[in-house]
Amino acid sequence: MSKGWFLIPLLLLNLNAQAEDWPGEQWSSSPPPTGPAIEALEQYAFVPRDDATRQGIRTDALLVIQDGRLVYERYAGPTDAHTPHLTWSISKSLLATVFGVAYGEKRFALDDPAARYYPPLKRHPGMTLADLFHWASGLDWQEDYEYAPLNSSVVAMLYTRGSHDMAAFTAGHDSFSPPGQVFRYSSGDSNLLAAALKTIVGPASYADYPWTALFDPLGIRHATWETDASGTFVGSSYAYLTARDLARVGLLMQRDGRWGDRQLIPKDWIAFSREPFTRFQAGQDEAVPGGHWWLNRAADRTIRPWPDAPPDTFAALGHWGQALYIIPSARLVIVRYGDDRDGSYRHNELLKRAMAAFAGTVQP
Amino acid sequence: MMRKVSLTLMAVLLVALFGWVWQERVALRAFPGIISAYTAKEYCSCRYVMQQPAEYCRGYVKQSVPTNDFLDTPEAKRITVSGLGRSHSARWMGERQGCRLE
């Protein structure tokens, strides 16, 4: 009798595990949805593409995962399901996810000085890894792409003075503030982390670490992550994944770092990723920085970057309209790749229409 | 009198200009290299990492600043681009490593 009672929770747990969908080699999919809400979503995302002027919204891929199943997928332009698309700054959040695995292996602590793992930073002894994850190194960095190329630190880092050793180039910047005090978005901060990872996991493991730690366990078979000439991953900018594979990282994040029955990343790492940086002030960026992820909530509750999306929405965002949105409360993961050159694309509008099309359509 | 004022003004502007050039000397020296490096690197990744058609990739990397020479060597997966008097090459290193400026 007592044995029988003991088995019931196990049985329930088992049923629960079976009810949860996870991708195998492929995503399991549902029949493509139709209706006015889907049409409204497509009218926004897939306007006729103007390749001559490159004006307007130019979506390359839109993919929606709900409850671990592929419920919507559409491509445009030259991109298809097999294209490893440039993610630009989504790479930063991928880097943080890779760090999450190393965190689970107890290889570092967030309040460790960054200089412990990247000695050229010894001029800045107060700078911690957490400060770098918050884009709050205090280094005097100028993050502009096309509009101010002369003084853009990021253009110099990627293409000219910094391209051989991006972390060293970043570490050579002076400070404008003590570390940890002020948010200033910086691709340099991300590449300092990418360089620190080399010491954290050891140079012998480093070149394969994103694959062994993250991509392989998730079943991601074709990822590219470019390095600079010193062998440091361009953690700020140069990871390439198919939309379907990026969605796997989204599902990992949606489910608090768990992949199947394995807790790949500790829950407290996910909590750090999703915790708003308290020193962020309204207007400093288009969304609220967490630990190298972007959030729809801030310590100051009046700040809601995407008012039509739930407050628990978080995202990895990249240049020219790349986005990985995760909405745990709606059990949604959305990948949007694009080639937007004029900044007219709005995250809130896409999220609003995606919520209308998908939220509440599947009951658990 | 007017002439003296304009000469003084000119001198002040020249000093300011030289001051600015001196202050920005590092960035100014690197500046002409941006377009060829950008085009070589991003074309290489478009063509050999994202595996897009050559014609699409030429449009993808197009910027308002023109480039003059463009050489893609498909056997070596290497691209050399010149523009504003500078030349840069990028090469595909492998499936995981993608492209890198040389």
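A nonpolar core is taken here as a set of buried Ala, Val, Leu, Ile, Met, Phe, Trp, Tyr and Cys residues joined through C-beta atoms within 7 Å. In this predicted model, the largest such core has 125 residues, and those with the most contacts inside it are Leu192(A), Ala196(A), Ala315(A) and Leu324(A). Helix H3 of chain B, residues 34-49, supplies the largest share of this core, namely 10 residues.

Two of these residues, Ala315(A) and Leu324(A), lead to the sheet of chain A. An open sheet is formed there by 7 strands in the order E2-E1-E12-E11-E10-E9-E8, with antiparallel pairing. Its edge strands are E2 (69-75) and E8 (288-289) of chain A, each of which pairs on one side only. Strand E11 of chain A, residues 322-327, has 6 of its 6 residues buried, and it is therefore largely enclosed by the rest of the structure. Burial extends to both faces of E11(A), with Gln322(A), Leu324(A) and Ile326(A) on one side and Ala323(A), Tyr325(A) and Ile327(A) on the other.

On one side in the sheet order, E11(A) is joined by 5 bridges to strand E10 of chain A (residues 314-318), the two running antiparallel, and Gln322(A) is the bridge partner of Gly318(A). These strands form a hairpin with 3 residues between them, in the turn of which Trp320(A) has a positive phi of about 60°. When neighbours within four places in sequence are left aside, Ala315(A) is in contact with Ala323(A), Leu324(A), Tyr325(A) and Ile326(A), as well as with Ala287(A), Trp293(A) and Trp294(A).

Strand E12 of chain A, residues 332-338, is likewise antiparallel to E11(A) and is joined to it by 5 bridges, with Val335(A) standing opposite Leu324(A). The hairpin of E11(A) and E12(A) has 4 residues between the strands, and Arg331(A) in its turn has a positive phi of about 55°. E12(A) also pairs with strand E1 of chain A (residues 59-66), in the antiparallel sense and over 7 bridges; within this pairing, Gln66(A) is opposite Leu332(A). Helix H11 of chain A, residues 243-254, lies across E1, E11 and E12 of that chain and runs at about 145° to E12(A).

Elsewhere in chain A, Ser237(A) is placed in the loop between strand E4 (224-225) and strand E5 (239-241). Because Ser237(A) has 23 C-beta neighbours inside 10 Å, it counts as buried. Its contacts, apart from neighbours within four places in sequence, are with Trp88(A), Ser89(A), Ser91(A), Leu158(A) and Ser187(A). A separation of 27 Å is found between the C-alpha atoms of Ser237(A) and Ile303(A), which are 66 residues apart along the chain.

The secondary structure of chain B consists of 4 helices and 4 strands, which follow one another along the sequence in the pattern α-α-α-α-β-β-β-β. The radius of gyration of chain B is 20 Å, well over the 13 Å that the globule rule gives for 102 residues, so the chain is more spread out than a compact globule. Its C-alpha trace spans about 70 × 25 × 15 Å along the principal axes, and 31% of its 102 residues count as buried.

Among the strands of chain B, E1 (residues 69-73) is joined to E2 by 5 bridges in an antiparallel arrangement, and the hairpin that they form has 4 residues between the strands, with a positive phi of about 50° at Lys77(B) in the turn. E2(B), residues 78-83, has alternating side chains: Ile79(B), Val81(B) and Gly83(B) point to one face and are buried, whereas Arg78(B), Thr80(B) and Ser82(B) point to the other and are not. Strand E3 of chain B, residues 86-94, pairs with E2(B) in the antiparallel sense over 6 bridges. Ile79(B) thus appears in both pairings, standing opposite Asp72(B) of E1(B) and having Ala90(B) as its bridge partner in E3(B).

The contact between the chains takes 23 residues from chain B and 22 residues from chain A. On the side of chain B that touches chain A, the elements giving two or more residues are H2 (25-30), H3, H4 (54-60) and strand E4 (98-101) of chain B, and H3(B) gives the most, with 6 residues. This side of chain B divides into 12 nonpolar, 6 polar and 5 charged residues.

Definitions and conventions
Residues are numbered from 1 along each chain as its sequence is written. Chains are lettered from A and ligands numbered from 1 in the order in which they are written. This is a predicted model: local features need pLDDT of at least 70, side-chain atom pairs count only at pLDDT 80 or more; totals for chains, interfaces and linings use all residues. A residue is buried if 20 or more other C-beta atoms lie within 10 Å of its own, exposed if 12 or fewer, and partly exposed in between; C-beta atoms are placed from the backbone. Two strands pair if DSSP finds at least two bridges between them. Two residues are in contact if their C-beta atoms, placed from the backbone, lie within 7 Å. Ala, Val, Leu, Ile, Met, Phe, Trp, Tyr, Cys and Pro count as nonpolar, Asp, Glu, Lys and Arg as charged, and the others, Gly among them, as polar. Axes are lines fitted to C-alpha atoms, for helices over the stretch in contact, and angles run from 0 to 180 degrees between N-to-C directions. The radius of gyration is taken over C-alpha atoms; the globule rule is 2.2 Å times the number of residues to the power 0.38.
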